[in-house]
Amino acid sequence: QVQLVESGGGLVQAGGSLRLSCAALGSRFSINAMGWYRQAPGKQRELVAAITSGGITNYADSVKGRFTISRDNTKNTVYLQMNSLKSEDTAVYYCNLNARIAVGTLNYWGQGTQVTVSS
């Protein structure tokens with residue numbers, strides 16, 4: 001059983017910063033990649049940023065240069081540093097884990113954390 005524990009969301013003014021954290025808890029799994037998705041009201045869930053076990057990163061065009069994803073392999077934790085936040089970044093942010101387990105590969109999702117950027 002794998003559980004993702006997210007933290008770090010909240011309310012911030014435009015131009016401010018927030019840092020999200022997501023820890024993958026459990027056993028008998030290894031990490032292919034971890035990432036962050038977001039879903040704003042009335043919109044589809046979209047990829048924000050992802051990082052592979054080898055450190056390769058991928059960002060949505062809308063956040064490039066403002067957001068940075070990083071990981072701590074010793075803690076199975078991924079971080080999303082969000083700077084220069086804009087009102088359009090307001091959404092529920094979900095952590096995603098693509099993991100290798102005994103029977104194959106599975107995707108896991110966190111419960112979501114609200115990020116609200118006031119203009």
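## A small hole inside

Let's start with some empty space: the largest cavity in this predicted model has a volume of about 70 Å³. How many cavities of 30 Å³ or more does the count come to? Just one. If you're wondering how anyone finds a hole like this, rolling a probe the size of a water molecule over the atoms shows where empty space is left.

Now for the walls. The residues that line the largest cavity include I31, A33 and M34, then I51, T52 and S53, and also R71, D72 and N73. N76, T77 and V78 line it too. Sorted by class, that lining is a mix: five nonpolar, five polar and two charged residues. Four strands, β4, β5, β7 and β8, each supply at least two of the lining residues, and β4 gives the most, with three.

## The nonpolar core

In soluble globular proteins, nonpolar side chains tend to be buried together. Here, the largest nonpolar core has 32 residues. Which of them have the most contacts inside it? That list is M34, W36, L80, M82, Y93 and L97. You've met M34 already, since M34 also lines the largest cavity.

Plenty of strands chip in. Those giving two or more residues to this core are β1 (2-7), β3 (18-26), β4 (30-39), β5 (46-52), β7 (67-72), β8 (77-82), β9 (91-101) and β11 (113-118). The biggest giver is β9, with five residues.

## Charged pairs

Side chains of opposite charge can pair when their charged atoms come close. The count for this model comes to four salt bridges. In one of them, R38 meets E46, with 2.8 Å from N to O. R38 is buried, at 6% relative accessible area, while E46 counts as partly exposed because its relative accessibility is 36%.

Another pair is R66 and D89, whose closest N and O atoms are also 2.8 Å apart. This pair links distant parts of the chain: R66 sits in the loop between β6 (57-59) and β7, D89 sits in the loop between β8 and β9, and 23 residues separate them. Are these two buried or exposed? R66 counts as buried at 10% relative accessibility, and so does D89 at 1%, because buried means under 20%. What's neat is that R38, E46, R66 and D89 are linked in a network of salt bridges.

D61 and K64 form a salt bridge as well, at 3.1 Å from N to O. D61 is exposed, with a relative accessible area of 65%.

Technical notes:
Residues are numbered from 1 along each chain as its sequence is written. This is a predicted model: local features need pLDDT of at least 70, side-chain atom pairs count only at pLDDT 80 or more; totals for chains, interfaces and linings use all residues. Side-chain values use heavy atoms; hydrogens and water are left out. A nonpolar core is a set of buried Ala, Val, Leu, Ile, Met, Phe, Trp, Tyr and Cys residues joined through side-chain atoms within 4.5 Å. Buried means under 20% relative accessible area, exposed over 50%, partly exposed in between (1.4 Å probe, protein chains only). On a 1 Å grid over the protein atoms alone, a cavity is a set of points where a 1.4 Å probe fits but cannot get out, and a pocket is an open set with protein on both sides within 12 Å along at least five of seven lines; lining residues have an atom within 4 Å of a point. Grid points are joined across faces, edges and corners, and a volume is the space filled by probe spheres set on the points. Ala, Val, Leu, Ile, Met, Phe, Trp, Tyr, Cys and Pro count as nonpolar, Asp, Glu, Lys and Arg as charged, and the others, Gly among them, as polar. A salt bridge is a side-chain nitrogen of Lys or Arg within 4 Å of a carboxyl oxygen of Asp or Glu.
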